[in-house]
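This report concerns the secondary structure elements of a single model and how they are arranged. The sequence and structure are shown first.

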Amino acid sequence: HDGNIQIVIMAQIQFSKGVTEETIPDVRLTRSRDGSNGTATFYFQNPQVLSAGSNEEVTGMYLIDEEGELVTREVKGKFINGKPEAIEAIYLMKSSEEWDRFMRFMERYAAEHGLGFNKS
């Protein structure tokens, strides 16, 4: 043991770089029959990034874990009576490798946040 400190990166989701979103999303997965592409739809009800007093700018959705970072710019606010209530983000996977990488992120995220997600 050479005294190296191992940093374990928690699986996390950010909308603004460096600011972890604590709201646990609802995640729906769909995949083409041949497995060549897939879509993950994330729905965050009343996420912190939209809360009053948060001046974070949503620049995308960043899925961060020990392997690195997955990014999507497909992020939309859902407004009710003119107030942002939710965020929907779509992450597209265009190969079975991208799908497998995404699933590794989701398994880590689910394990750490107690999320049960359904493969539809």
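How far does α1 reach from its first C-alpha to its last? In this predicted model, α1 has 18 residues and spans 25 Å between those two atoms, close to the 26 Å expected at 1.5 Å a residue. The helix comprises residues 96–113 and lies across β1 (12–16), β5 and β6, running at about 75 degrees to β5. Buried residues of α1 include the aromatic side chains Trp99, Phe102, Phe105 and Tyr109; Arg101, Arg108, Met103, Met106 and Ala110 are buried as well. After α1 comes Gly114, with a positive phi near 65 degrees.

The strands that α1 lies across, β1, β5 and β6, belong to an open sheet of four strands with antiparallel pairing, in the order β2-β1-β5-β6. Because β2 (19–20) and β6 (68–72) stand at the edges with a single partner strand each, one side of each is left without a neighbour in the sheet. Where β5 pairs with β6, Gly68 in β6 is the bridge partner of Asp65.

A further pairing joins β7 and β8 in a hairpin with two residues between the strands. Within this hairpin, Asn81 takes a positive phi near 55 degrees. Phe79 stands opposite Pro84 in β8.

The two strand pairs are set out below.

| Strand pair | Residues | Sense | Bridges |
|---|---|---|---|
| β5 and β6 | β5: residues 61–65; β6: residues 68–72 | antiparallel | five bridges |
| β7 and β8 | β7: residues 75–80; β8: residues 83–93 | antiparallel | six bridges |

Conventions
Residues numbered from 1 in each chain as written. Predicted model: local features only at pLDDT ≥ 70, side-chain atom pairs only at ≥ 80, totals over all residues. Heavy atoms only, no water. Pairing = 2+ DSSP bridges. Contact = heavy atoms within 4.5 Å. Axes fitted to C-alpha atoms, helices over the stretch in contact; angles between N-to-C directions. Expected span 1.5 Å × (residues − 1). Buried < 20%, exposed > 50% of the residue type's maximum accessible area, 1.4 Å probe, protein only.
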